[in-house]
Amino acid sequence: MHPASHAPHSVEELLERARILAGYSLGELADMAGLHTPADLRRHKGWSGQLLETWLGAQAGSKPEQDFPELGVELKTLPIDSSGKPLETTYVCYAPLTGIAGLSWEQSNVKNKLSCVCWVPIEASRDIPPAQRRVANAFLWRPDKQQEQALRQDWEEIMEMIALGQVECITARHGEVMQLRPKAADGSALTQAVGKDGGWIQTRPRGFYLKKHFTQALLQQAFADI
DNA sequence: TGCTGATCATTG
DNA sequence: CAATGATCAGCA
């Protein structure tokens, strides 16, 4: 068994590839791919996701697009504990802080990214070294009406606050299923945003994240029959 | 102990 | 710097 040499040609092929990985440890997958497994992820936070990208044939990069543009599918690893509950929130995408007048949910990066997601849960409790963490069953998800409505509502509320110059007032407690949090290399990273009086301010870059209870519901929905 | 805010590595 | 992949870690 070896990593994919090219992107999958269909959603079915992608899901097949992902399901084959279920049961393997990250150490095994790294070995087979000829990659080094770090002892911990403190300085390798994106390692799991990049390993899975390698195995499934996604192009690494930093483009604000889906991982599989031809399929319209986004790939996301999801760390879970032994009882199958998410251990972390899930990063969605960078949040635009300028030039957002007239931007609609339909045009948003969030909607695009979440329109179809291949979720790959990984048993990743902190007491398990990365090499021993195991891949669980992948599943494909498209938001249903209610899920999309919930995402849309949070997005619209948060984006309205940003547009009104209230970005500094937004905390991770805003939003029912999705939150806005800092997203940067460190506290010195600054980007432009709209300020209170309508002028420009410098602020920390932000990203959208899915709250844990939302992704937990996706897991339950996907494995309800198991 | 969970969550929020902070942080790490890499690429374009 | 922007954006990707995320997890870390202090504090309530």
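Q: How far does a polar side-chain atom of lysine 45 lie from a base oxygen of DNA strand B?
A: 2.7 Å. Keep in mind that this is a predicted model.

Q: Which residues are closest to strand B?
A: Arg43, Lys45, Arg181, Ala184 and Arg204. In total, 17 residues surround DNA strand B.

Q: And what are those residues like, by class?
A: The surface near DNA strand B has 9 charged, 4 polar and 4 nonpolar residues.

Q: What part of strand B's atoms within 4 Å of the protein is sugar or phosphate?
A: 60%. The rest belong to bases.

Q: Which residues have an N or O atom placed against a phosphate oxygen of strand B?
A: Glycine 187 is one of them, with a backbone N or O atom 2.9 Å from a phosphate oxygen. Lysine 212 is another, where a side-chain N or O atom is 3.1 Å from a phosphate oxygen.

Q: Which element gives the largest share of that surface?
A: Strand E6, residues 178–182. It supplies 3 residues to the surface near DNA strand B.

Q: Switching to the other strand. How many residues surround DNA strand C?
A: 27. The closest are Thr77, Tyr91, Lys113, Lys183 and Tyr209. Of the strand C atoms that come within 4 Å of the protein, sugar and phosphate make up 64%.

Q: What are the distances to phosphate oxygens of strand C for threonine 77, tyrosine 91 and arginine 126?
A: For threonine 77, a side-chain N or O atom is 2.7 Å from a phosphate oxygen. For tyrosine 91 the distance is 2.3 Å. For arginine 126, a polar side-chain atom lies 3.1 Å away from one.

Q: Which elements give two or more residues to that surface?
A: H3, E1 and strand E2 (90–94). E1 gives the most, with 4 residues.

Q: What's the class split near strand C?
A: 12 charged, 8 nonpolar and 7 polar.

Q: You mentioned H3. Is H3 largely enclosed or open?
A: Enclosed. 7 of the 10 residues of H3 are buried, so the rest of the structure largely encloses this helix. The buried ones are Trp47, Ser48, Leu51, Leu52, Glu53, Trp55 and Leu56.

Q: What do they pack against?
A: H1, helix H2 (26–33), strand E1 (74–80) and E3.

Q: What comes just after H3?
A: Glycine 57, with a positive phi of about 85°.

Q: OK, H1 then. Which residues there are buried?
A: In H1, residues 11–20, Val11, Leu14, Leu15, Arg17 and Ala18 are buried. Seen down the helix axis, the buried residues of H1 fall within an arc of 160°, so they line one face.

Q: Why would such residues point the same way?
A: An α-helix has 3.6 residues a turn, so residues three or four places apart point the same way.

Q: What sits on the other side of H1?
A: Glu12 and Glu16, both exposed. The buried residues of H1 pack against helix H3 (47–56), strand E3 (117–123) and strand E5 (139–141).

Q: New topic: cores. How many residues does the largest nonpolar core have?
A: 31. Val110, Trp141, Leu151, Ile162 and Phe208 have the most contacts inside this core. Helix H5, residues 145–163, gives the most to it, with 6 residues.

Q: What is leucine 151 in contact with, leaving aside neighbours within four places in sequence?
A: Trp105, Leu114, Trp141, Val177, Met178, Leu210 and Phe214.

Q: What's in the second core?
A: This separate core has 26 residues, including Leu14, Ala18, Ala58 and Cys118.

Note on methods
Residues are numbered from 1 along each chain as its sequence is written. Chains are lettered from A and ligands numbered from 1 in the order in which they are written. This is a predicted model: local features need pLDDT of at least 70, side-chain atom pairs count only at pLDDT 80 or more; totals for chains, interfaces and linings use all residues. Side-chain values use heavy atoms; hydrogens and water are left out. A residue is near a molecule or strand if one of its heavy atoms lies within 4 Å of it. A polar contact is a pair of N or O atoms within 3.5 Å; within protein, one must be able to donate a hydrogen and the other to accept it, and residues adjacent in sequence count only if both atoms are side-chain atoms. Ala, Val, Leu, Ile, Met, Phe, Trp, Tyr, Cys and Pro count as nonpolar, Asp, Glu, Lys and Arg as charged, and the others, Gly among them, as polar. Buried means under 20% relative accessible area, exposed over 50%, partly exposed in between (1.4 Å probe, protein chains only). The arc is that of the directions from the helix axis to the C-beta atoms. Contact means heavy atoms within 4.5 Å. A nonpolar core is a set of buried Ala, Val, Leu, Ile, Met, Phe, Trp, Tyr and Cys residues joined through side-chain atoms within 4.5 Å.
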